[in-house]
Amino acid sequence: MAETNNPLAQSSDSSPEVSRVTLTIAGLKVDIYGLSELPAAADKVSCLWLHHPRLRVKEDMAGFANLVLSAYHHRGPSSRGLIAVAFDQRNHGSRLVDDMANESWRDGNKTHAQDMFGTISGAVTDNIHLLDALEGYLFGAGDGPGALPGSSKRHIDHNMVLGVSLGGHSAWQLLFAEPRVTAGVMVIGCPDFMHLLGDRARLSKLETFSAQDNGVSFFGSKDFPKALIEACKKYDPKGILFGTGSISSLPVSAADQERLRPLLDSRIAGKRFQVLSGGADKLVPYRASEPFLSFLKDSVATWYKEGGSYVEDNVYPDVGHAFNDAMRSDAVRFLLDSVALVDSDKQDTPKI
């Protein structure tokens, strides 16, 4: 079935393997890539968090970790280090407790919407806890597995995220939730969970989805209960900005600008977004993301330009639910540019 295909399989990547160490951090098995390759003089470290797809495991992110870190090392000596980190999403890999809870409505999971959203928002919670803990485990008081020799200390001062499919959804939520994560690549993910699952309910021919009201009554039904609606309003990008209402039409009205500006200031100011979508993706179709992305792109280019956010929206024609070589190449470019901007932005900041 389309939903069980591995979106990470469409790659011809043969990048050299980088070092990997697996640690138990705050009760989670965590893979850390690139510790051994950190430059000897690097006291500042950028960290790329990798969120895997549904029905996959943290080890599936090894190929991209090797790709992006090898590309970074190929750029030559740097005073900044880069590592990549992956952990199992809830109910996946080492954390699996119920196979059915990872399946779709079509495959017999009656609580598909609640289960998937719980995994997504749970990954964000887990990632935030790991952000608090990781540096202490890796660098400690100078004696962690990635510590500098002598009295010098290392510090993770820059965080990014890349997520694929289910991981793309959680990457969206993480960027909106956590100020320390300032750049993200959302691969075949969606910032509007209600739109995505409403469309999936229609295609799954659920009895709770009525064509007569265009699916309005689906929200609040047994398949998408009110508690889940409230969770979307609290954690999902579209829900945070617009609740259950419509996304602002363009151009955005002065009243909407006034309401939205403080929300955008607190959620996305200064952040970098790259969105990679398959033009032929049937599982996470671009049409579910397009209204929100149209609003976001217009806002950062016009009335919210002073927020300093960057949005890159790439759609790959004829690509389905996959993270292919062209998408990987664009992701590597974006991530390495994001790393390069960290220190250049600091150098350009006026000293007071």
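**Entry 1: a proline in a loop**

I began with P251, which I found in the loop between α6 (237-242) and α7 (254-267). The model I am reading is a predicted one, and I keep that in mind for everything noted below. When I looked at the backbone leading into this proline, I saw that the peptide bond from L250 to P251 is cis, with an omega near -5°.

**Entry 2: the chain as a whole**

I then stepped back to the whole chain, and its secondary structure came to nine helices and eight strands. The radius of gyration is 20 Å, close to the 20 Å that the globule rule gives for 352 residues, so I noted the chain as being as compact as a globular protein of that length. I also looked up the extent of the C-alpha trace, which spans about 70 × 50 × 35 Å along its principal axes.

Of the 352 residues in the chain, 55% count as buried. For the surface, I wrote down an accessible area of about 15,000 Å², of which 52% belongs to carbon and sulfur atoms. Among the contacts with a separation of 6 or more, 74% are between residues 24 or more positions apart. For the charges, I noted 36 positive and 43 negative side chains, and the centres of these two sets lie 2 Å apart.

**Entry 3: the nonpolar cores**

Which residues have the most contacts inside the largest nonpolar core? I found that this core has 48 residues, and that the ones with the most contacts inside it are I32, W49, I83, L134, W172, L241 and F295. I followed W172 further and, leaving out residues up to four places away in sequence, listed its contacts as M186, G189, C190, P191, P237, F273, V275, F292, L293 and L296. There is also a second, separate core of 35 residues, which includes V68, A84, L276 and V332. I set beside this the general remark that in soluble globular proteins nonpolar side chains tend to be buried together.

**Entry 4: two residues with positive phi**

I next looked at N91, which has a positive phi of about 60° although it is not a glycine. This residue lies in the loop between β4 (80-87) and α2 (112-138). Is N91 buried or exposed? With a relative accessible area of 12%, N91 is buried, because the cut-off for that word is under 20%.

K205 also has a positive phi, near 60°, in a residue other than glycine. I located K205 in the loop between α4 (193-203) and α5 (226-235). The relative accessible area of K205 is 72%, so I marked this residue as exposed, given that exposed means over 50%.

**Entry 5: a leucine in a loop**

I turned to L283, whose place is in the loop between β7 (272-278) and α8 (286-301). L283 is buried, and its relative accessible area is 14%. I then compared sequence with space for one pair: L283 and R200 are 83 residues apart in sequence, while their C-alpha atoms are 7.9 Å apart.

**Entry 6: a histidine in a strand**

H158 sits in strand β5, which runs over residues 155-164. With a relative accessible area of 5%, H158 is buried. Which residues does H158 touch, not counting those up to four places away in sequence? I listed V45, S46, C47, R80, T182, S338, V339 and V342. I also looked up H158 and L82, which are 76 residues apart in sequence and 9.4 Å apart in space, C-alpha to C-alpha.

**Entry 7: the segment before β1**

My last stop was the segment before β1, where I found L8. L8 counts as buried at 11% relative accessibility. Not counting residues up to four places away in sequence, L8 touches P53, D60, M61, V164, F323 and R328. L8 and H52 are 44 residues apart in sequence, and from C-alpha to C-alpha I noted 9.0 Å.

S15 lies in the segment before β1 (20-25) too. The relative accessible area of S15 is 19%, and this residue is therefore buried, since buried means under 20%. Leaving out residues up to four places away in sequence, I found S15 touching N66, L67 and S70.

Notes. Residues numbered from 1 in each chain as written. Predicted model: local features only at pLDDT ≥ 70, side-chain atom pairs only at ≥ 80, totals over all residues. Heavy atoms only, no water. Helix = DSSP H or I, 4+ residues; strand = E, 2+ residues; numbered from the N terminus. Rg over C-alpha atoms; globule rule 2.2 N^0.38 Å. Buried < 20%, exposed > 50% of the residue type's maximum accessible area, 1.4 Å probe, protein only. Contact = heavy atoms within 4.5 Å. Areas by Shrake-Rupley, 256 points an atom, 1.4 Å probe, with all protein chains shown as cover. Lys, Arg positive; Asp, Glu negative; His and termini not counted. Charge placed at Lys NZ, Arg CZ, Asp CG, Glu CD. Core = buried A, V, L, I, M, F, W, Y, C linked by side-chain atoms within 4.5 Å.
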